[in-house]
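Visitor: I am new to this structure and should like to understand the terms applied to it. May I see it?

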Amino acid sequence: MAPISRVSFSVAVAALVFAVVFPAVQAQAPAPAPTSDGTAIDQGIAYVLMFLALVLTYLIHPLDASSPYKLF
């Protein structure tokens, strides 16, 4: 049996390293989903604005009801 040359041994070791390392590199987990997107923030702002409009309506309405001027 002929002895293995240094070059063929190096190629065999390199091939073994690449065979072990490359599948691990490609087998990455997908990126996690974002925890908050723009629609959740927009919806929160909309709820705050609607609540503010409701409070202002109930604060202004008694002033309008007790006014001596009959608007309607």
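The following exchange sets values against definitions.

Guide: This is a predicted model, in which local features need pLDDT of at least 70, side-chain atom pairs count only at pLDDT 80 or more, and totals for chains, interfaces and linings use all residues. Residues are numbered from 1 along each chain as its sequence is written, and side-chain values use heavy atoms, with hydrogens and water left out.

Visitor: Why is leucine 56 called partly exposed?

Guide: Its relative accessibility is 41%; buried means under 20% relative accessible area and exposed over 50%, with partly exposed in between (1.4 Å probe, protein chains only). Leucine 56 therefore counts as partly exposed.

Visitor: What share of the chain is buried?

Guide: Of the 72 residues in the chain, 0% are buried.

Visitor: Where does leucine 56 lie?

Guide: Leucine 56 is in helix α2, residues 38-65; a helix is a DSSP run of H or I with at least four residues, numbered from the N terminus. The chain has two helices.
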